[in-house]
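Trainee: Please take me closely through one loop and then show me, step by step, what lies in the parts of the chain that it leads to. I would like each term explained where it comes up.

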Amino acid sequence: MLDIDGTATFKLDAQVADDIDFAATARVYLDDATIVTTDTIFTLNDGGDETMIVDGAKIYMPINLDKGGVLNLFTNVLDAKISDIITDTEGAVHDNPVINYTAAVGASADDVKVTAVARTASDTATTYKVTVSQGAAISQAYTAAVKTSGDASAYSAFETTFNSDAATQTELVKQLAPQMDVIGGSSTATRAMTGTVQGIISNRMASLRSGDSSLVGMSAGNHMSANSGFLQAFGSTTEQNNTLKGGSTVPGYDSDTNGLALGFDGMTEDGSVIGVSISASETDVEGKGSGKSKNAIKSMTGSLYFDKPVASGYIEGSLTFGVNDNNSSRKVTAGGLSRTYKSEFDSQQVSLKIGGGVPTELDGGAFVTPFGSLTGTQISADTYTEKSGTAADNLRLKVDADDIDSLIATVGVKVNKVTDMGTPMISLAVNSELGDKTINTSNTYTGGGTAFTTTSDVEELSATLGLGYSYGSDLVSIDVSYEGEVNDDEYLSHYGSVRLVSKF
């Protein structure tokens, strides 16, 4: 008779006993170094019955048992009680995020076998309340850490965590996956920074228009001379809160951008404007997920822009190119690990914006201008492999991000009024993303496994509020502007700028 009412580790197969009883406090570990698939673990001489496994008992399978592997856990149990024994066994074997263990009748009618069944990414997501992308990642991380040799601490972390409770397992799942809070947030921040530069250019062209349309910009000032330049400081802050989708929490991010833009332009005889601008900015993105991920982005952009007055208003456009230097990091602290993964890579963007407006003069020097625009942007990033301070780290990621093709349609209205004390402005707009609705990356762990895809959603609709004030003379003007953008997916972005314009 074998009674187990505490912790026991079995390193050999073919354990023989007249009978066996697992108490509620039993914790039975089957050694991963010596027990392999098809082994028979317990042979009972007198046959087990429905009382041999008490509720609360736990049986931990070898961590390296292949998906699809089988152990003959019990042989020679009572045939009449095997249905109850199978139910009790399935309740006792300890599942993990990668494998669900199922009990069934073995080769003989008095045998109970346990099979390791691979979980799908969706099943892992549902069970552990994580995203499907995280469910896909943990399966491949398991292959890299457990099925590939060379990273003993990663193997140990999986063994410790997979034999722990669901909360501990969930933390490992979240940390080992690519951190889409910062991956997606960095792409969004890059697109927002490009949009900020385009907004600066649009405001600049508004300040140079002649006739009624000179008053339709966010911070439109007095008409400048045929040749002039501007220097503008700008900054923005963005908060994407955590959201709940499909029962799982999708981590958000915070980002802060500071930059400086410089431009020069000239005006033709018919009032059209042609100009060039460059900008430099720095953006810090900080994720809100378990991986404590961050990205520091240094960006340089160059823009060509034009503005042409027409009979009813104006047409404007800008073409912007940008390059970005990314330095990102994430941490893994679950399962006893203490690892920091870093990466350095370049990304690029090109954006074309075409827009126009139709100003209408009201009484008292006020103007109302319906406006609209289309902005197409493509963002691409180099493939990169993470670096780690741990030698032979099998959990480093190789990340290949898909190009992002964005097409944003904007419609809105601006109201401004010329006074002796300057020109105040307010605008409201609605923006619709007609391009890609997701940000996707293909990922592979350096320790092995197949490539898997992670996805971050892009919200389709947002609304923008703009405020501006301009004051100046024919020689110099100063403009202050603010813009806020929100959507119904817990996203809020603030942008502000101060511009000094001088003729030459």
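Mentor: With a relative accessibility of 55%, Lys292 counts as exposed, where exposed means over 50% relative accessible area, buried means under 20%, and partly exposed is anything in between, with a 1.4 Å probe and only protein chains counted. This is a predicted model, in which local features need pLDDT of at least 70 and side-chain atom pairs count only at pLDDT 80 or more, while totals for chains, interfaces and linings use all residues. Residues are numbered from 1 along each chain as its sequence is written, and side-chain values rest on heavy atoms, with hydrogens and water left out.

Lys292 sits in the loop between strand 15 and strand 16; strands (E, at least two residues) and helices (H or I, at least four) are DSSP runs numbered from the N terminus. The backbone of Lys292 has a phi near 50°, which is a positive value in a residue other than glycine.

The loop that holds Lys292 also holds Lys288, and Lys288 forms a salt bridge with Glu239, their closest N and O atoms being 3.5 Å apart. A salt bridge here is a side-chain nitrogen of Lys or Arg within 4 Å of a carboxyl oxygen of Asp or Glu. This pair links distant parts of the chain, since Glu239 belongs to strand 11 and the two residues are 49 residues apart. Lys288 is partly exposed, at a relative accessible area of 29%, and Glu239 is partly exposed too, at 34%.

Following Glu239 into strand 11 (residues 227-240), we come to Ser236, which is buried, with a relative accessible area of 18%. The C-alpha atom of Ser236 is separated by 9.4 Å from that of Gly484, although the two residues are 248 residues apart along the chain.

On the other side of the loop, strand 16 (294-310) supplies at least two residues of the lining of the largest cavity, and helix 6 (180-208) and strand 18 (339-357) are among the other elements that do so. A cavity is a set of points on a 1 Å grid over the protein atoms alone where a 1.4 Å probe fits but cannot get out, and its lining residues have an atom within 4 Å of a point. Rolling a probe the size of a water molecule over the atoms shows where empty space is left. The structure holds four cavities of 30 Å³ or more, and the largest contains about 370 Å³ of space, a volume being the space filled by probe spheres set on the grid points, which are joined across faces, edges and corners.

There are 33 residues lining this largest cavity, and those nearest its centre are Val182, Ile183, Ser186, Phe345 and Tyr384. The lining divides into 13 nonpolar, 14 polar and six charged residues, where Ala, Val, Leu, Ile, Met, Phe, Trp, Tyr, Cys and Pro count as nonpolar, Asp, Glu, Lys and Arg as charged, and the others, Gly among them, as polar.

Helix 6 brings us back to salt bridges, of which a search of the whole structure finds 13. Side chains of opposite charge can pair when their charged atoms come close. Asp265 and Arg204 make one such bridge, with their closest N and O atoms 2.8 Å apart. Asp265 lies in strand 14 (residues 253-267) and Arg204 in helix 6, so the pair ties together parts that are 61 residues apart in sequence. Both Asp265 and Arg204 are buried, whereas Lys288 and Glu239, from the bridge at our loop, are partly exposed.

A further bridge joins the side chains of Asp457 and Lys245, at 3.4 Å from N to O. Because Asp457 lies in strand 27 (residues 448-457) and Lys245 in strand 12 (residues 243-245), this pair ties together parts that are 212 residues apart in sequence. Asp457 is partly exposed at 48% relative accessibility, and Lys245 is partly exposed at 30%. Elsewhere, Asp151, Arg339 and Asp393 are linked in a network of salt bridges.

For one last comparison with Lys292, look at Ala14, which also has a positive phi, of about 55°, although it is not a glycine. Ala14 is found in the loop between strand 2 (7-10) and strand 3 (15-17), and at 46% relative accessibility Ala14 counts as partly exposed, whereas Lys292 counts as exposed.

Definitions and conventions. 1 Å grid on protein atoms, 1.4 Å probe; cavity = no way out; pocket = protein on both sides within 12 Å on 5 of 7 lines; lining within 4 Å.
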